[in-house]
Every structure is written in structure tokens, then in C-alpha cells.
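Here is a relaxed walk through one protein model, written for someone meeting it fresh. Have a look at the structure below, then read on.

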Amino acid sequence: MHKINIAIDGPASSGKSTVAKIIARDFGFVYTDTGAMYRGVTYLALKHQVSFADEQSLVKLIEKYPITFKQTESGQLVFAKGEDITDAIRQPEVTNNVSEVSAFPKVRAHLVKAQQKIAVSGGVVMDGRDIGTTVLPDAEVKIFLVASASERAQRRYKENQAKGIKSDFATLKKEIEQRDYTDSHRSTSPLRQAEDAVLVDTTGMTIDEVVTAIKKVIKEKV
Ligand code: C5P
């Protein structure tokens with residue numbers, strides 16, 4: 001497979017990162033989780049007591065603590081300057097505030113530039129909300145992954161259970177719907193399907209089935 005770029009967008013917990021990682025591994029491509037970068041800025045704001053409403057100071061944080069990835073045997077690690085923030089960016093306080101931070105045009109402009117740099121030589125599977133529309137409008141393959149809110153909440157609930165984290169299904173579903181609403185209604189690069197993206201509804205599908213469906217699209221396109 002020559003070094004194409006593959007964009008995978010979709011709402012919260014639609015399984016993007018799980019399938020993107022598998023596809024990247026199988027094709028020998030680099031996986032890039034752009035949500036981790038927006039989460040990183042949100043984490044930095046919490047750590048340095050910067051208001052989520054202060055766009056200028058958020059930008060300063062990005063400049064001072066660049067967010068980068070490191071591929072390891074056991075998966076991808078996320079760093080803010082020297083600090084490993086892989087686990088810290090998954091905490092609920094980050095998840096429930098990231099949409100406010102990611103709505104700022106200047107925050108987006110900085111991170112989009114960094115994401116485009118990662119993909120400049122191709123061979124990248126990138127997941128997010130605006131990859132097909134804004135970050136990589138020329139990506140050879142674009143997938144828009146969706147699933148019902150109930151199923152997405154159910155998957156998150158089971159993941160939490162497996163990790164021993166207590167959660168409430170109704171609250172998880174409400175949080176997912178709230179994040180989707182904010183991400184879809186912001187003025188800069190809202191979550192939406194690119195015109196040339198292929199829609200894959202994963203409701204009721206296993207991970208293997210989703211991966212097979214996406215590989216079929218890739219083979220048809222390249
Ligand atoms: O993918 P994940 O759920 O980790 O993304 C966290 C948040 O980051 C999203 O809810 C959204 O607000 C933001 N995001 C974004 N654009 C992207 C990726 C993520 O605005 N390309």
C-alpha cells in the first residue's frame with residue numbers, strides 16, 4: 001500500500017480510535033489521535049489554572065507546552081513538552097470541558113497546523129472531527145463513523161466497567177450527546193461529514209466488522 005492519508009471523523013465514542021489504530025497497524029501507517037491534542041490543552045489549562053474561556057492564554061499554553069506523540073510497543077503515548085499526559089487527558093474533568101476549549105479558532109489553528117505537519121509525507125491514519133473537512137481535505141480516503149448515542153454510551157459504560165470505574169449509563173449518554181451538540185454547533189470547523197467521505201454506521205457491528213468495512217472502502221478508493 002503506498003503512503004496515502006486516511007481521515008476518520010465522527011462523534012464522541014463512535015469507535016474511531018479503536019479502528020483507526022488497527023488499520024494503521026495493518027497497513028504500517030502512523031496513527032494520530034487529534035482529540036488527544038485538544039484534550040492536552042484542556043489538561044494544561046486545568047493544571048496551570050488557566051480559564052477555559054481565555055483563548056489567548058490557552059494559545060500561550062500550546063506554544064509553551066507543545067503536544068507530541070511517541071509510538072511505543074504498547075501503544076501511543078501523548079506528551080506535553082516532557083510530561084507524559086497519556087492517562088491524565090482521559091479524566092472526566094478533561095472530557096467534560098474539552099469541547100469548550102476546542103471551539104476557539106486560534107486554538108484550532110495552532111493544532112491543525114501541527115496535525116498537517118504530521119501528515120505531510122502521507123502514511124497517516126488520523127481521527128478527529130474535522131480531518132476530512134479541514135485538516136486533510138485532500139486525504140485519499142475519508143470515513144465518517146457514526147453509531148446511535150445509546151450504543152456509544154453502552155460501549156463507554158462497558159469500557160468503564162472493565163477498568164473498574166463506576167459510571168451511570170444515563171449520565172454517560174447525556175455527556176456524549178452534550179459533547180456532540182457543542183462539537184457540531186461551533187462556528188469553526190464543526191463536526192460534519194465531508195462531502196466525499198463514506199458514511200459507516202457501526203450500530204450493531206463488531207470492531208472486526210467495522211475494520212473490514214473500512215478496508216473495503218480503502219481498497220475501492222486506491
Ligand atoms: O476524539 P475525542 O473524543 O478524544 O476528542 C475530544 C474532543 O476534542 C472532542 O469532543 C472535540 O471537542 C475535540 N476535537 C475537535 N477536533 C478534532 C478532534 C477532537 O474539536 N479533530
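Three strands make up an open sheet in the order β3-β4-β5, and the pairing is antiparallel. The edges of this sheet are β3 (67-72) and β5 (83-84), each having a single partner strand, so one side of each is left without a neighbour in the sheet. Strands here are DSSP runs of E with at least two residues, helices are runs of H or I with at least four residues, and both are numbered from the N terminus. Two strands count as paired if DSSP finds at least two bridges between them. As background, strands of a sheet pair through backbone hydrogen bonds, either parallel or antiparallel.

Before going further: this is a predicted model, in which local features need pLDDT of at least 70 and side-chain atom pairs count only at pLDDT 80 or more, while totals for chains, interfaces and linings use all residues. Residues are numbered from 1 along each chain as its sequence is written, and side-chain values use heavy atoms, with hydrogens and water left out.

Back to the sheet. Strand β4 (residues 75-80) and β5 run antiparallel and are joined by two bridges; F79 has D84 of β5 as its bridge partner. In the loop between β4 and β5 sits K81, which has a positive phi of about 55 degrees although it is not a glycine. K81 is exposed, with a relative accessible area of 55%. For these labels, buried means under 20% relative accessible area, exposed means over 50%, and partly exposed is in between (1.4 Å probe, protein chains only).

Over in strand β3 there is I67, and this residue is buried at a relative accessible area of 10%. Which residues does I67 contact, leaving aside its neighbours within four places in sequence? They are M37, G40, V41, L44, V78, F79 and A80, where contact means heavy atoms within 4.5 Å. I67 and V125 are 58 residues apart along the chain, and their C-alpha atoms are separated by 18 Å.

Now for another strand, β7 (residues 141-146). Six of its six residues are buried, so β7 is largely enclosed by the rest of the structure. V141, I143 and L145 point one way from the strand, K142, F144 and V146 point the other way, and all are buried. β7 runs parallel to β1, with four bridges joining them, and A7 has K142 as its bridge partner in β7. Four bridges also join β7 to strand β8 (residues 198-201), again in parallel; here V146 has D201 of β8 as its bridge partner.

Next comes the loop between β1 (5-9) and α1 (16-27), where G10 lies. A12 and S13 are in this loop too. UniProt, in an unreviewed entry, lists G10, P11, A12, S13, S14, G15, K16, S17 and T18 under "binding site". UniProt positions are given in the numbering used here, feature names are shortened, and annotations may be inferred rather than shown by experiment. Here is how three of the loop residues compare on burial:

| Residue | Relative accessible area | Label |
|---|---|---|
| G10 | 0% | buried |
| A12 | 0% | buried |
| S13 | 14% | buried |

Not counting residues up to four places away in sequence, G10 is in contact with K16, G128, R129, F144, L145 and L191. With the neighbours left out in that way, A12 touches R129, R152, I176, R179 and D180. S13 has a phi near 55 degrees, a positive value in a residue other than glycine.

One more residue to look at is D127, in strand β6 (residues 124-128). What is the nearest side chain of opposite charge to D127? It is K16, 5.8 Å away, and D127 is buried yet has no salt bridge. A salt bridge would take a side-chain nitrogen of Lys or Arg within 4 Å of a carboxyl oxygen of Asp or Glu. Lys and Arg count as positive and Asp and Glu as negative, with His and the chain ends not counted. D127 does have a polar contact of 2.8 Å with Y31, side chain to side chain. Such a contact is a pair of N or O atoms within 3.5 Å; within protein, one must be able to donate a hydrogen and the other to accept it, and residues adjacent in sequence count only if both atoms are side-chain atoms. A polar atom of the D127 side chain also lies 3.2 Å from the backbone nitrogen of S17.
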